[in-house]
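Here's a quick briefing to read alongside the model. Take a look at the overall fold before going into the side chains.

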Amino acid sequence: MLSWALMFLIIALIAGLFGFGLVGGMAYGAAKICFFIFLILAIFSLLTGRRVPTD
């Protein structure tokens, strides 16, 4: 998921560099959504991660 966010961010930066505003805006929006989903899932997995059973 994080790799998708980075890929969309790179597409947005390249599109912004060449002046493709609509494509850059859409790629930036997709990168932002993917990043926040990744962040929520990472925090959730850290909180509910594998715990070592104590006997």
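Which helix gives the largest share of the nonpolar patch? That would be helix H1 (residues 2-18), with seven residues of the patch. Keep in mind that this is a predicted model.

**Overall build**
- The protein chain has two helices and zero strands.
- Its radius of gyration is 17 Å, well over the 10 Å that the globule rule gives for 55 residues, so the chain is more spread out than a compact globule.
- Along the principal axes, the C-alpha atoms take up a box of roughly 60 × 10 × 10 Å.

**Surface and burial**
- Just 13% of the 55 residues in the protein chain count as buried.
- About 4700 Å² of the protein chain is exposed, and 79% of that comes from carbon and sulfur atoms.

**The nonpolar patch**
- On the surface, Trp4, Met7, Ile10, Ile11, Ile14, Leu17, Phe18, Phe20 and Val23 make up a nonpolar patch, together offering about 960 Å² of accessible area.
- Ile11, one of the patch residues, sits in helix H1.
- Ile11 has a relative accessible area of 37%, so it goes down as partly exposed, since that label covers values between the 20% and 50% cut-offs.

**The aromatic pair**
- Searching the whole structure turns up one aromatic pair.
- The partners are Phe35 and Phe36: their ring centres are 5.7 Å apart and their planes are at 65 degrees, so this pair is edge-to-face.
- Phe35 is partly exposed, at 36% relative accessibility, and Phe36 is also partly exposed, at 45%.

Key:
Residues numbered from 1 in each chain as written. Predicted model: local features only at pLDDT ≥ 70, side-chain atom pairs only at ≥ 80, totals over all residues. Heavy atoms only, no water. Patch = residues over 30% accessible without salt bridge, like charges linked within 9 Å, V, L, I, M, F, W, Y side chains within 5 Å. Areas by Shrake-Rupley, 256 points an atom, 1.4 Å probe, with all protein chains shown as cover. Salt bridge = Lys/Arg side-chain N within 4 Å of Asp/Glu carboxyl O. Helix = DSSP H or I, 4+ residues; strand = E, 2+ residues; numbered from the N terminus. Buried < 20%, exposed > 50% of the residue type's maximum accessible area, 1.4 Å probe, protein only. Phe/Tyr/Trp six-rings, centres within 6.5 Å; stacked < 30°, edge-to-face > 60°. Rg over C-alpha atoms; globule rule 2.2 N^0.38 Å.
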